Amino acid sequence: MAATYRGVVVGTAFAANKSMLTLFNGSGSGLVLRVKRIWMLNNQTAAVTGVLTTMEIRRISASTGGTAGGVVKHDSSSAGLPSQVTITTGATDTLTSDPALMRFMWSNDEPATGSLTNDESECIPALACVWDCTGDSDLEPLVLRQNEGVSVRHTGSTTVGVADVIIEFTAATS
Amino acid sequence: MARRQYRWFGSGLWQSQSGNAIFALLNPSGSGKRVIVHSIEIFNHKTGSGSYVPIIDVVVGSTSKTDSALGGESVPIASFDTNYPLPSGITARKNTAVEASSSQFLRQVSIRLTTSSTWASPAYGPIPFHYRKNGRGSWFIESWSSDDMNPITLNPGQFLSVTDLTTAVVNQDGIPLEVMVIFNVNGHTYSCDAVPCFSSYNGTAGFVLLNNSSYPLYIKRFFIKEVGTADTPYFRVVPVGSVDPFSLGDSIRIVQGVPVDSAYGPPVSGDPIIVLDTPMLPYLVPQQYLADASGGSPKGVNYLHTKDFWGPTYGVMFPEFLTISSSLTLGGLAWGYRKRKFFDSEFNLTLNEGEGIALVSSAETAVLSSAVGTSGWQPYDFGLQYSVEPKSIPVIRATGMAVGSRWAIQKASTGELVAQGVTSDGTMEYTYYGDDVPLNMIFKVRKASSSPYYKPYETQFYLTADGITIPVSQVLDE
């Protein structure tokens with residue numbers, strides 16, 4: 001069973017063309033990362049005037065800067081990730097020429113109590129899973145070899161509101 | 001690599017209800033492979049209301065961005081003379097980021113009737129009728145050689161973008177607009193054509209033509225036209241009987257999947273073909289027939305050139321024309337990732353050699369009193385994930401070995417060890433999941449660890465998809 005990790009970015013603010021979460025497997029890590037699932041959750045309580053905006057999931061070939069996110073091991077006995085594996089928000093990423101792996105729309109308006117609009121549906125993990133390679137052994141995960149990464153990007157320009165982004169992946173030597 | 005997995009994602013070329021498949025995935029005859037389709041996804045991005053009137057801005061500016069940094073989707077560019085391929089550095093993209101610094105030079109208000117889904121006819125239709133100089137509706141640029149003026153020029157490092165700037169709502173514009181540019185570079189003519197998803201507020205452009213070549217780019221013709229209607233599409237995944245052969249030779253329509261693991265590399269010759277916007281006939285369905293339920297008169301012509309079609313279909317889906325909004329509409333239900341997978345990973349449809357599937361938008365029903373629309377275009381994206389593997393997994397068997405012999409399988413080209421073992425009953429069996437076959441390989445047997453000893457045995461064999469059984473005859477070494 002492969003060592004499994006969860007990269008978590010909490011309350012990252014929307015900004016124009018920002019990578020809300022970047023997972024990058026840098027040179028020398030000695031690991032191959034396999035992305036299984038990504039969630040994006042509208043976990044915010046402060047009132048904002050949100051809009052509908054757009055997101056993309058893109059492959060990247062380099063990543064610098066940004067604010068480090070958290071890493072949680074699914075099994076505390078798993079090895080820690082080497083420093084070459086980074087989980088960040090707001091990083092400067094180099095996108096590959098590959099087209100987007102996925103585009104999706106997002107409302108960054110805060111959820112309300114007692115209603116069920118898209119703002120609230122984004123708070124339900126089962127509905128807020130934006131990438132899923134689980135459930136079938138024939139379906140391969142997104143594989144990140146060294147010098148490869150993935151970015152969950154806000155391609156819009158709105159600057160209000162925050163979101164939590166969670167990425168679930170395994171790490172192995174081959 | 002015996003099994004490779006790829007993903008294609010994009011809005012395609014045209015979401016047609018007029019007979020073409022939005023995309024078809026084909027496993028060519030004689031490919032020696034089979035294709036496993038894992039998922040088909042449909043994404044509704046529309047947010048606009050029916051009365052929305054977009055204002056389209058066209059700007060020229062300078063950018064330091066590269067093609068890939070602009071994101072979005074690549075738009076193919078065709079050469080008027082195939083002897084003169086497009087100079088490198090000139091690209092077109094749709095639904096892409098663009099820098100703000102620019103100079104606007106044209107603006108168009110696209111008119112739509114507010115009470116129906118019919119778009120204003122003056123801006124509708126083929127170029128010769130509605131885009132002449134003094135025509136009504138949409139404007140155009142025309143700058144052929146007879147004009148005594150400079151054409152609009154994209155010098156190296158400049159771009160042209162087409163953006164909906166009307167309101168601060170993303171993808172409010174569900175309007176089917178087509179952008180076409182004919183341009184001249186280094187004395188030769190090229191064109192590109194896109195039906196983009198016009199977005200606003202988020203800084204993206206529906207269409208961008210980027211000149212990062214060393215030549216100036218002269219725009220000879222440029223126009224925006226409203227195309228089709230905006231009916232609720234009715235998507236079906238159907239087996240392919242035949243596909244227009246011209247489409248298969250048209251590089252504009254052929255796209256490639258992205259490997260989910262870079263170790264797979266790009267698709268190779270013989271891999272499945274993804275062809276966009278192609279005329280096709282479904283499997284086992286004639287060009288014309290009337291179903292029993294038909295009223296008898298041709299009320300609707302669907303994608304099959306038939307009416308009342310109910311033939312082989314893997315699945316159907318109304319993604320709903322309704323828009324995404326803050327309320328949870330039916331259109332919004334096509335938004336959530338888990339809800340917009342047409343076929344989920346358990347689908348695993350197998351396409352053997354010569355087989356294919358297509359996503360088509362067909363008539364809602366053939367008993368409507370009016371014909372269905374000709375175009376269901378709106379901001380949709382489509383996703384497709386599939387694997388490619390040999391049509392059969394070969395098994396290597398050997399018999400007649402002396403009990404206790406060690407055996408090994410190597411690649412003949414590199415000597416790389418594939419597998420090894422010790423036989424306990426004189427036989428061995430190994431299922432080969434490595435490279436694609438046919439493949440030259442070497443089988444070695446030796447028994448030198450205990451008496452009776454045998455001389456080394458070695459044979460080279462040609463592994464095909466049918467597998468092989470090797471009769472081994474060892475010689476005593478005494």
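Two strands pair if DSSP finds at least two bridges between them; strands are DSSP runs (E, at least two residues), numbered from the N terminus. This is a predicted model, in which local features need pLDDT of at least 70, side-chain atom pairs count only at pLDDT 80 or more, and totals for chains, interfaces and linings use all residues. Residues are numbered from 1 along each chain as its sequence is written, chains are lettered from A and ligands numbered from 1 in the order in which they are written, and side-chain values use heavy atoms, with hydrogens and water left out.

**Stop 1: chain A, residues 18-25**

Select strand S2 of chain A, residues 18-25. Of its 8 residues, 8 are buried (under 20% relative accessible area with a 1.4 Å probe, protein chains only; exposed is over 50%, partly exposed in between), so the strand is largely enclosed by the rest of the structure.

Add S7(A), residues 85-89, which pairs with S2(A) in the antiparallel sense over 4 bridges. Here Asn25(A) stands opposite Val85(A). Then add S12(A), residues 148-154, antiparallel to S2(A) over 7 bridges. Which residue of S12(A) is the bridge partner of Ser19(A)? It is Arg153(A).

**Stop 2: the largest pocket**

Move to Leu13(B), Ser74(B), Pro76(B), Ile252(B) and Val255(B), the lining residues nearest the centre of the largest pocket. A pocket is an open set of points on a 1 Å grid over the protein atoms alone, where a 1.4 Å probe fits, with protein on both sides within 12 Å along at least five of seven lines; lining residues have an atom within 4 Å of a point. Its volume, the space filled by probe spheres set on the points, is about 1,000 Å³.

The lining has 43 residues: 24 nonpolar, 9 polar and 10 charged, with Asp, Glu, Lys and Arg counted as charged and Gly among the polar. Strand S7 of chain B (residues 90-97) gives the most, with 5 residues.

**Stop 3: a sheet in chain B**

Show the open sheet of 4 strands in the order S27-S26-S29-S30 of chain B, paired antiparallel. S27 (417-422) and S30 (454-463) are the edges, each with a single partner strand, so one side of each has no neighbour in the sheet. Neighbouring strands are turned by 15° against each other on average, direction ignored, using axes fitted to C-alpha atoms.

Within the sheet, S29(B), residues 439-447, and S30(B) share 8 bridges. Asn440(B) stands opposite Tyr462(B) there.

**Stop 4: Gln385(B)**

Finish at Gln385(B) in strand S24 of chain B, residues 380-390. Is this residue buried or exposed? At 3% relative accessibility, Gln385(B) counts as buried. Its side chain makes a polar contact (N or O atoms within 3.5 Å, one able to donate a hydrogen and the other to accept it) of 3.1 Å with that of Arg7(B).

Notes
Axes are lines fitted to C-alpha atoms, for helices over the stretch in contact, and angles run from 0 to 180 degrees between N-to-C directions.
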